[in-house]
Amino acid sequence: MTEASRNGFQKEAVFKGLTLSKGIAIARVCRFNEKRHSNMEIYKVSGEGLDREVSRVRRAAEVAAERVEAIRKETEEKIGKAEAEIFSAHRMILEDHSLLQAIEDLIRKKGTNAEAAVMAVLDSYEARMRQIDDEYLQDRAGDFVEIKNRLLDILRNTNPAFQCVDLAHCQRGKNRIVVSTELTPGMTVELDTSHTMGFVTERGGSNSHAAILARALGIPAVSGIPDIHAEIACGAEIAINGDEGEVILWPSEKTVARLKKMAGGIVRVPSAVDPVDGFAVMANINLASELDEATSMRADGIGLYRTEYEFITAGRFLSEDEQYERYSQVVKGMQGKPVIFRLFDAGGDKPLPFLESGHEENPALGYRGGRLLLGHEKLFATQARAMARASVHGEVLAMYPMVVDLEQFILLRSLFLESAAGIDSNVKHGVMFEVPSACLDARKIMREADFASIGTNDLIQYLFAVDRNNALVAYDYSPKRALLWKMIGSMVRACQSQGKSISVCGEIAGDPKYIKKLMKKGVRAVSVSPRLVTGARVAALEAIEKAK
Ligand code: PEP
Ligand code: MG
C-alpha cells in the first residue's frame with residue numbers, strides 16, 4: 001500500500017488485486033450489504049409448523065425460479081445468449097429435486113424454520129465447491145451464495161436487488177463503484193448496470209460468472225482484495241485501474257490525471273444528472289482543456305478556475321493573448337453560465353520554478369496569494385486584462401486568493417480595474433474566504449465585494465494551524481470540527497445580509513456527506529471536481545426530499 005496526501009484529510013491508498021474486467025473507473029463507493037441475512041431469525045417448529053415451513057421453501061423456490069428466468073431473458077437481450085446460460089443453470093439448481101429435498105429433510109429432522117434450513121444446506125453446498133481443487137469449479141461457489149440470498153430475500157420479503165450498508169450514501173449502486181465480498185452474477189445483472197461504474201470484490205476469480213458478465217458489460221472490475229469492507233467506507237471516492245488490478249482509495253489529482261491519460265479518456269465516470277432547483281453545483285477546473293468534463297456533467301458554471309495551473313503546465317509565464325485564448329474558450333464554452341476565475345495562486349504548496357521568490361522558511365505564511373499578486377504587477381495586469389477581454393463572451397467573476405482583509409481586497413480590485421482600464425468589460429470582483437482574518441470580518445468585506453467563495457482546504461489549514469499536506473498531522477486536519485461550521489454559517493449570513501452570493505469550493509463540497517450540512521448552513525452553491533458534480537446533486541436532492 002502506498003500513501004500520498006490529498007488535501008490533508010483524504011489519504012490515497014493503493015490496493016493490489018486481480019483484474020476481472022479491464023478499464024478505468026472513478027466514482028464513489030456503494031457497499032453491497034451482504035450481511036443482510038446475518039441476523040436471520042432461527043426458531044424451532046413442530047407439528048403442522050413443519051409442513052408450513054416446507055411449503056414456504058417450495059413457494060420461495062418457485063418465485064426465485066421465475067425471477068431467474070426473467071433475468072435470463074433480460075441478460076439474453078442485453079448481453080448475449082452464452083451469458084444468459086448462467087441463469088439457466090441457476091434455474092436448474094432451484095428446480096433440482098435433491099436440493100429441495102435436502103432442505104425439507106433438514107426442516108423435518110431438526111424441527112427448524114425454512115430460513116435456517118436454506119442457509120445450512122446452501123452454505124454446505126458452497127463450502128463443498130470451494131474445497132474442490134479446480135479453479136473453475138471454485139468460481140461456481142458464488143452461484144450457491146446467490147441462490148441462497150435469493151431464497152432468503154423471498155422468504156424474508158427483503159429487497160433482493162441491492163442494499164447499501166450505509167443508507168445515507170445508498171444509490172443502489174447508481175453512479176457508484178459497487179464493493180462487495182463477492183460479485184454474484186445476479187447482482188451484476190440486477191443492478192442498473194448502465195449506471196454502475198465498477199466492481200471491487202474480496203473474492204472471485206476471473207472465471208467466475210460475474211467476471212464474465214462484467215467483461216461483457218464493459219464494467220471495470222478488480223477482485224482479490226481481502227477485508228475490503230474494513231478498508232473502504234460507503235461514499236468514499238475510489239478509482240479502479242482494471243488494467244493493472246489496482247484499486248485506489250481517495251485517488252489524488254495526480255493519480256486521476258495519470259489514469260485518465262492511461263485510459264486515453266475512456267474512463268467510466270458518473271453520468272450527468274439534471275441540475276437541482278435552488279442548489280447550484282458548479283465545477284472546479286485547473287485548465288481550459290478540462291472544460292469538456294465540466295460541460296458533460298452539466299455543471300451550473302465554473303466555481304473555481306485555478307488559473308495558476310495554466311502557467312504551471314506551460315512551465316512559463318503566459319502572455320495576455322495566450323491567457324485570453326484559454327479564458328475565452330472557457331467563458332464561451334459555459335454559454336452564459338458564470339465562470340469564477342481564481343487569480344494566480346502560486347506560492348506556498350505550489351512553488352513555481354520560473355517565479356523567483358527565494359527560499360522561505362514558512363511558505364504557507366509567506367509570499368503567496370494576494371501578496372504575490374501585489375508584488376508581481378505585470379503578471380497581475382496581464383491576467384486582469386485577459387479576463388476583462390474574455391468577459392465579453394459571458395459572465396466573468398474575478399476571485400482573489402488568500403485575501404487577508406478588506407484593505408487588501410480593495411487594493412487588489414483597484415489594481416485590476418486600473419490594469420483593465422479601456423477594455424469594455426463587466427467583471428465582478430470577489431473574495432476567496434480561506435484566511436481566518438478575512439472570514440472573521442466577512443460582513444465588512446461583503447459590503448464591498450460582489451461575491452465570495454469559501455476555500456475550506458486552506459481555511460481548515462489556517463484555522464487550526466494544521467498543514468494540509470503533512471501526513472504526520474493529517475489526523476488533526478478534519479472538516480468535522482464544529483468551529484469550521486460555525487464560521488461557514490457566519491460567512492453565509494454575512495453574504496445574505498448584503499444580498500451577495502456565496503459558494504463553497506473546497507474539497508468538502510465534493511463529499512456527499514457534507515452537502516446536507518452545508519445546505520443547513522444556508523449554502524446554495526458549491527463547486528466540485530467535475531466527476532463529483534453528479535454525487536453532489538444526488539446528495540442535495542436527497543436532502544431536499546428528506547426536508548419535505
Ligand atoms: C481551498 O483552499 O479550499 C481551495 C479550493 O483552493 P486550493 O485547494 O487551490 O488552495
Ligand atoms: Mg486555497
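Here are some exercises with worked solutions on this predicted model.

**Exercise 1. Get the overall picture**

Task: Find how many helices and strands the protein has, and what share of its residues is buried.

Solution: Start with the secondary structure. The protein has 22 helices and 18 strands. Next, turn to burial: of the 548 residues in the protein, 57% are buried. Finally, look at the contacts between residues at least 6 apart in sequence; 69% of these join residues at least 24 apart.

**Exercise 2. Check a helix**

Task: Compare the span of helix 2 with the expected one, then list its buried residues.

Solution: Helix 2 covers residues 81-94, which makes 14 residues. From first C-alpha to last, helix 2 reaches 20 Å, close to the 20 Å expected at 1.5 Å a residue. Now for burial: the buried residues of helix 2 are E83, A84, I86, F87, S88, H90, I93 and L94. To read that list, keep the helix geometry in mind. With 3.6 residues a turn in an α-helix, residues three or four places apart point the same way. Try it on F87 and H90, both of which are on the buried list.

**Exercise 3. Explore the nonpolar cores**

Task: Work out which residues have the most contacts inside the largest nonpolar core, and which helix gives the most to that core.

Solution: The largest nonpolar core has 88 residues, and F416 and F433 have the most contacts inside it. Helix 20 (residues 482-497) gives the most to this core, with 8 residues. Apart from this core lies another, of 33 residues, including V57, A60, V118 and Y125. Now zoom in on F433. Leaving out residues up to four places away in sequence, F433 touches A438, C439, A442, I445, M446, A452, S453, I454, G455, M491 and I502. As background, nonpolar side chains tend to be buried together in soluble globular proteins.

**Exercise 4. Sort the aromatic pairs**

Task: Classify the pairs Y305–F341 and F311–F344, and say where their members sit.

Solution: The count of aromatic pairs comes to 8. Take Y305 and F341: their centres are 5.2 Å apart with 40 degrees between the planes, so the pair is neither under 30 degrees (stacked) nor over 60 (edge-to-face), but tilted. Y305 is in strand 12 (residues 302-306) and F341 in strand 13 (residues 339-342), 36 residues apart, and the pair links distant parts of the chain. Both Y305 and F341 are buried.

Move on to F311 and F344, which are 4.9 Å apart centre to centre, with 85 degrees between the planes: edge-to-face. F311 lies in helix 12 (residues 308-314) and F344 in the loop between strand 13 and helix 14 (369-375), so the pair ties together parts 33 residues apart in sequence. F311 is buried at a relative accessible area of 0%, and F344 is buried at 0% relative accessibility. One cluster is worth marking too: Y305, Y327 and F341 form it.

**Exercise 5. Follow strand 6**

Task: Explain why strand 6 is largely enclosed, and find its partners.

Solution: In strand 6 (residues 196-203), 6 of the 8 residues are buried, so the rest of the structure largely encloses this strand. Strand 5 (residues 176-182) runs parallel to strand 6, joined by 6 bridges. Strand 7 (residues 221-223) also pairs with strand 6 in the parallel sense, over 2 bridges. Use V200 as your marker: V179 stands opposite V200 in strand 6, and V200 stands opposite V222 in strand 7.

Methods: Residues numbered from 1 in each chain as written. Chains lettered and ligands numbered in written order. Predicted model: local features only at pLDDT ≥ 70, side-chain atom pairs only at ≥ 80, totals over all residues. Heavy atoms only, no water. Helix = DSSP H or I, 4+ residues; strand = E, 2+ residues; numbered from the N terminus. Expected span 1.5 Å × (residues − 1). Buried < 20%, exposed > 50% of the residue type's maximum accessible area, 1.4 Å probe, protein only. Core = buried A, V, L, I, M, F, W, Y, C linked by side-chain atoms within 4.5 Å. Contact = heavy atoms within 4.5 Å. Phe/Tyr/Trp six-rings, centres within 6.5 Å; stacked < 30°, edge-to-face > 60°. Pairing = 2+ DSSP bridges.
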